[in-house]
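Biologist: I would like to go through this model with you, fold first and side chains after. Keep the answers short.

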Amino acid sequence: MTATLGQPITSYQGGCDFLESFIDYERRGFHHDFAEAARLDVIRSLLAVLDNPQQHWLAIHIAGTKGKGSVAAMMDAALREAGHTTGLYTSPHLVTIRERVRIGGRKISPTGLIDAAEKVRQAISELNANDLRQPTFFEVYTALAFQAFADAGVD
């Protein structure tokens, strides 16, 4: 399915529909097309159009095969207890797509999702003029999370 970039995102459902219009290798499974999608040129270009929101806050990147979600949740709680405004980005979600992005320990608000998704939609529209491949669901949602964190002023 191809993303619909022409219509502004004005509702929560519209934001969800926009996000779900991108190829999702978590659901579809990894195959030969994933090698092309694993390149960083599209996400770098997308973030550049958004003015690199990931550079507006400090990050702790947790990697590994087991326990990432638990470690991230504990670090998020500890940092909030210490008085910091935190942003937490995890995947997958269980019930609602809003679970993937947490600001200050709470799921991103529907309005926050709409605002960040609209900024990402506009950025992708600019990218399409550069003949880059369509971003994946993961790239779009990562850019959305980074934008939401910058908009919320997380530490």
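Modeller: One definition before the sheet: two strands pair if DSSP finds at least two bridges between them. Note also that this is a predicted model.

Biologist: In what order do the strands of the open sheet lie?
Modeller: The sheet has 3 strands, and their pairing is antiparallel. Its edge strands are β1 (87–89) and β3 (106–107), each pairing on one side only. The order is therefore β1-β2-β3.

Biologist: Which residue of β2 is the bridge partner of Tyr-89?
Modeller: β1 and β2 (residues 101–103) run antiparallel and are joined by 3 bridges. In β2, the partner of Tyr-89 is Val-101.

Biologist: Which helix packs on the sheet?
Modeller: The helix touches β1 and β2. Its direction makes about 5 degrees with that of β2. It spans residues 137–152 and is α7.

Biologist: Which peptide bond is cis?
Modeller: Most peptide bonds are trans. Here the loop between β1 and β2 holds Pro-92. With omega near 0 degrees, the cis bond is the one from Ser-91 to Pro-92.

Biologist: Asp-51 is not a glycine, so what is its phi, and is the residue buried or exposed?
Modeller: Asp-51 sits in the loop between α4 (41–49) and α5 (68–81). Its phi is positive, about 70 degrees. The cut-off for exposed is over 50% relative accessible area. Asp-51 has 56%, so the residue is exposed.

Biologist: What is the phi of Asn-52?
Modeller: Asn-52 is also found in the loop between α4 and α5. The residue is partly exposed, at 22% relative accessible area. Although Asn-52 is not a glycine, its phi is positive, at about 45 degrees.

Biologist: Now the charged pairs. How many salt bridges does the structure hold?
Modeller: Side chains of opposite charge can pair when their charged atoms come close. One of the bridges joins the side chains of Glu-139 and Arg-133, at 2.9 Å from N to O. Glu-139 is buried at 6% relative accessibility, and Arg-133 is partly exposed at 22%. The structure holds 4 salt bridges.

Biologist: Which residue forms a salt bridge with Arg-80?
Modeller: Both partners lie in helix α5, 4 residues apart, about one turn. The closest N and O atoms are 3.0 Å apart. Arg-80 is partly exposed at 34% relative accessibility, while its partner counts as buried at 6%. That partner is Asp-76.

Biologist: How far apart are the closest N and O atoms of Arg-121 and Glu-118?
Modeller: The two residues are 3 apart in helix α6 (residues 110–128), so about one helical turn separates them. Both are buried. Their salt bridge has its closest N and O atoms at 2.7 Å.

Biologist: On to the nonpolar core. Which helix gives the most to the largest one?
Modeller: This core has 32 residues, and Phe-18, Leu-19, Leu-46, Val-120 and Leu-144 touch the most other members. At least two residues each come from α1 (12–20), α4, α6 and α7. The helix that gives the most, with 9 residues, is α7.

Biologist: Leaving aside neighbours within four places in sequence, which residues is Val-120 in contact with?
Modeller: Val-120 is among the core residues that touch the most other members. Beyond its sequence neighbours, its contacts are Phe-18, Leu-46, Leu-50, Val-140, Ala-143 and Leu-144.

Biologist: How many aromatic pairs are there?
Modeller: One of them is Phe-18 with Phe-22, edge-to-face at 5.1 Å centre to centre and 85 degrees between the planes. Both of these rings belong to buried residues. The count comes to 6.

Biologist: Which aromatic pair ties together parts that are 89 residues apart in sequence?
Modeller: One partner lies in the loop between α4 and α5, the other in helix α7. The pair is edge-to-face, with 5.4 Å between centres and 65 degrees between the planes. Both residues are buried. They are Trp-57 and Phe-146.

Biologist: Last one: which residues form one aromatic cluster?
Modeller: Tyr-89 is one member, and its bridge partner in β2 is Val-101. The full cluster is Tyr-89, Phe-137, Phe-138 and Tyr-141.

Key:
Residues are numbered from 1 along each chain as its sequence is written. This is a predicted model: local features need pLDDT of at least 70, side-chain atom pairs count only at pLDDT 80 or more; totals for chains, interfaces and linings use all residues. Side-chain values use heavy atoms; hydrogens and water are left out. Contact means heavy atoms within 4.5 Å. Axes are lines fitted to C-alpha atoms, for helices over the stretch in contact, and angles run from 0 to 180 degrees between N-to-C directions. Buried means under 20% relative accessible area, exposed over 50%, partly exposed in between (1.4 Å probe, protein chains only). A nonpolar core is a set of buried Ala, Val, Leu, Ile, Met, Phe, Trp, Tyr and Cys residues joined through side-chain atoms within 4.5 Å. Rings of Phe, Tyr and Trp (its six-membered ring) pair if their centres lie within 6.5 Å; planes under 30 degrees apart count as stacked, over 60 as edge-to-face and the rest as tilted.
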